[in-house]
Amino acid sequence: MKERLIKMALSNYDITRDNAEQRFLNYDQKKMIEKFHLKHDEQYLYTEFVGRDYRINRSLGRIEWTEDGFTHVEHAGFNEVLAICDALCDSKEDCRLSGRFVKVNDLKGTVRSSGLGNDLYRKYAEYFDGRLPALRKACETLGGERQMIGDVSYLLHPFSFLPLMLQFWESDDEFPASLKLMWDENTLDFLRYETTYYVLGHVLERLKTLMEEDGKGTIQKSYNAAMRQPFDMYTK
């Protein structure tokens, strides 16, 4: 019974992903290209998301990622597709960054809540604890820019045009490990509130995977810095 429920859940995620890809075809691709300065050709639009290169089939809507220049590709998962479609299709016309970072429940346009991501943060804070060198290396693999607050702190770019601040403190005799993730105050100009959690989940899982690969001696820098647009252009 448990196995059946797991299969049903996975199937529902796939259906939602596939439906989002189909809805993508209803939007103005020329406007996306101009708005986000997307590389493109007759068959694909290209973007970056959490340290990987993605392409969107312009006639089918299918979103794929690669780490070797599209010699080999993988169908993007639920979190990736929902995030990419949300940003490219439904961001505000005049989306602009504020340059001020806040917690997700303090974003402009949100109603304060108890903190949907607390359990998510706790899980990864416990995993990162005692692994500072590996966490730093993983952040840098994703193109992160080192900051000075906390034991590990990096400015990441899930999208080239949208920053995310990660701050981490190791545990000590008095306090448990603490993970803080902050968005630009105007992030809801770019993404729906619920989509920020898809992005956060994917960022944290990518960091964890890179740290595991580092432990096996297989980590490789996959971020294509040459393709990243400076996010200053989206700031007032």
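Colleague: Which strand supplies the largest share of the lining of the largest cavity?

Modeller: In this predicted model, strand E8, residues 152-159, gives the largest share of that lining, with three residues. The residues that line the largest cavity are Val50, Gly51, Leu142, Leu156, His157, Pro158 and Val203, and a residue is counted as lining if it has an atom within 4 Å of a grid point of the cavity.

Colleague: What makes this space a cavity, and what is its volume?

Modeller: A cavity is a set of points where a 1.4 Å probe fits but cannot get out, and the volume of the largest one is about 40 Å³. The structure holds one cavity of 30 Å³ or more.

Colleague: How do you know which classes of residue line the largest cavity?

Modeller: Val, Leu and Pro count as nonpolar, whereas Gly is placed among the polar residues. On that scheme the lining has five nonpolar, two polar and no charged residues.

Colleague: Why is strand E2 called largely enclosed?

Modeller: Buried means under 20% relative accessible area, and because six of the six residues of E2, residues 44-49, are buried, the strand is largely enclosed by the rest of the structure. Burial holds for both faces of the strand, since Tyr44, Tyr46 and Glu48 point one way, Leu45, Thr47 and Phe49 point the other way, and all are buried.

Colleague: What can be said of strand E3 on the same test, and which way do its residues point?

Modeller: E3 is mostly covered, with six of its six residues buried. Arg52, Tyr54 and Ile56 point one way from E3, while Asp53, Arg55 and Asn57 point the other way, and all are buried.

Colleague: How do you know that E2 and E3 pair, and in which sense do they run?

Modeller: Two strands pair if there are at least two bridges between them, and E2 and E3, residues 52-57, are joined over six bridges in the antiparallel sense. The bridge partners in E3 include Arg52 for Phe49, Asp53 for Glu48 and Arg55 for Tyr46. The two strands form a hairpin with two residues between them, and in this hairpin Val50 takes a positive phi near 50 degrees. Val50 is also one of the residues that line the largest cavity.

Colleague: What makes E1 and E2 a pair?

Modeller: The requirement is at least two bridges, and strand E1, residues 39-40, pairs with E2 over two bridges in the antiparallel sense. In E2, Leu45 is the bridge partner of His40, and the two strands form a hairpin with three residues between them.

Colleague: How many bridges join E3 to E4, and which glycine in their hairpin takes a positive phi?

Modeller: Four bridges join E3 to strand E4, residues 63-66, and the two run antiparallel; Ile56 stands opposite Ile63 in E4. Five residues lie between the strands of this hairpin, where Gly61 takes a positive phi near 85 degrees.

Colleague: In what order do the strands of this sheet lie, and what makes a strand an edge strand?

Modeller: The order is E1-E2-E3-E4-E5 in an open sheet of five strands, with antiparallel pairing. The edge strands are E1 and strand E5, 74-75, as each pairs on one side only.

Colleague: What is the order of the sheet that holds E8, and which strands are its edges?

Modeller: Five strands form this open sheet in the order E6-E10-E9-E8-E7, and the pairing is antiparallel. Its edge strands are strand E6, 101-103, and strand E7, 145-146, each of which pairs on one side only. Within the sheet, six bridges join strand E9, residues 162-169, to strand E10, residues 178-184, and Ser178 in E10 is the bridge partner of Trp169.

Colleague: Which residues of helix H5 are buried, and what follows the helix?

Modeller: In H5, residues 132-141, the residues under the 20% cut-off are Leu132, Ala134, Leu135, Ala138, Cys139 and Thr141. Just after H5, Gly143 takes a positive phi of about 85 degrees.

Colleague: What share of the whole protein is buried, and what share of its contacts is long in sequence?

Modeller: The protein has six helices and ten strands, and buried residues make up 48% of its 236 residues. Of the contacts with a separation of 6 or more, 61% are between residues 24 or more positions apart. The protein exposes about 12,600 Å², of which carbon and sulfur atoms supply 48%.

Definitions and conventions: Residues numbered from 1 in each chain as written. Predicted model: local features only at pLDDT ≥ 70, side-chain atom pairs only at ≥ 80, totals over all residues. Heavy atoms only, no water. Buried < 20%, exposed > 50% of the residue type's maximum accessible area, 1.4 Å probe, protein only. Contact = heavy atoms within 4.5 Å. Areas by Shrake-Rupley, 256 points an atom, 1.4 Å probe, with all protein chains shown as cover. 1 Å grid on protein atoms, 1.4 Å probe; cavity = no way out; pocket = protein on both sides within 12 Å on 5 of 7 lines; lining within 4 Å. Points joined across faces, edges and corners; volume = space filled by probe spheres on them.
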